Amino acid sequence: MAEFVSITVPSLRQEIGVCVTVTVIAALASFDIVYISTQGGPGNATMVPGLQIYYLAFSEREVGMASALAMVLMVLVIAIALPIQRLTKDTDQ
């Protein structure tokens, strides 16, 4: 166990960072599965940001609000992804 924690995990730091970053982005930008299965319902119980952007832009014709929400989602993804990338950056170089 000590070998795993002191050798293996630090060796995989960058790969773990990439996996966590991609997973966070996919979780925040999920659209297809929710749209196909529930379309945000019942009520708004399964509404995700990507689906809300879609409904605002195409169903309610609120393109400005949809664009603003998309920008907020982008800033949120960057605010989460950058610290993960900094924490997992290789310090040996």
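Here is a short back-and-forth about this predicted model.

Me: How many helices and how many strands does the chain have?
Reply: Read along the sequence, the pattern goes α-α-α-α-α. That leaves the strand count at zero, and the helix count at five.

Me: Is the chain a compact globule or more spread out?
Reply: Along its principal axes, the C-alpha trace spans about 55 × 25 × 15 Å. For 93 residues the globule rule gives 12 Å, and the radius of gyration is 18 Å, well over that. So, next to a compact globule, the chain is more spread out.

Me: What share of the accessible surface belongs to carbon and sulfur atoms?
Reply: Buried residues make up 20% of the 93 residues in the chain. The accessible surface comes to about 6800 Å². The share of that surface belonging to carbon and sulfur atoms is 68%.

Me: How far apart are the mean positions of the positive and negative charges?
Reply: The chain has 4 positive and 7 negative charges. Take the mean position of each set, and the separation is 9 Å.

Me: Is the pair of Y54 and F58 rings stacked, edge-to-face or tilted?
Reply: Both residues lie in helix α4 (residues 49-59), four residues apart, which is about one turn of the helix. Their ring centres are 5.3 Å apart, inside the 6.5 Å limit for a pair. The planes meet at 50 degrees, and stacked needs under 30 while edge-to-face needs over 60. So the pair is tilted.

Me: Which residues do ring pairs link into a cluster?
Reply: The structure holds five aromatic pairs. Y54 is partly exposed at 27% relative accessible area, and F58 counts as exposed at 53%. Ring pairs link these two into a cluster whose members are F31, Y35, Y54, Y55 and F58.

Me: Is T88 buried or exposed?
Reply: T88 sits in the segment after α5. Setting aside neighbours within four places in sequence, T88 is in contact with R13, Q14 and G17. Its relative accessibility is 13%, and the cut-off is under 20%, so T88 counts as buried.

Me: How far is the C-alpha atom of L87 from that of G17?
Reply: L87 is found in helix α5 (residues 63-87), and L87 is exposed, with a relative accessible area of 67%. Along the chain, L87 and G17 are 70 residues apart. Their C-alpha atoms are separated by 7.9 Å.

Me: What is the peptide bond from G41 to P42, cis or trans?
Reply: Most peptide bonds are trans. P42 is found in the loop between α3 (32-37) and α4. Omega for the bond from G41 to P42 is near 0 degrees, and that bond is cis.

Me: What is the phi of Q39?
Reply: Most residues other than glycine have a negative phi. Q39 lies in the loop between α3 and α4, and Q39 is partly exposed, with a relative accessible area of 45%. Q39 is not a glycine, yet its phi is positive, at about 55 degrees.

Me: Where is R61, a residue other than glycine with a positive phi?
Reply: Phi of R61 is near 55 degrees. R61 is exposed, with a relative accessible area of 64%. As for its place in the chain, R61 is found in the loop between α4 and α5.

Conventions. Residues numbered from 1 in each chain as written. Predicted model: local features only at pLDDT ≥ 70, side-chain atom pairs only at ≥ 80, totals over all residues. Heavy atoms only, no water. Helix = DSSP H or I, 4+ residues; strand = E, 2+ residues; numbered from the N terminus. Buried < 20%, exposed > 50% of the residue type's maximum accessible area, 1.4 Å probe, protein only. Phe/Tyr/Trp six-rings, centres within 6.5 Å; stacked < 30°, edge-to-face > 60°. Rg over C-alpha atoms; globule rule 2.2 N^0.38 Å. Areas by Shrake-Rupley, 256 points an atom, 1.4 Å probe, with all protein chains shown as cover. Lys, Arg positive; Asp, Glu negative; His and termini not counted. Charge placed at Lys NZ, Arg CZ, Asp CG, Glu CD. Contact = heavy atoms within 4.5 Å.
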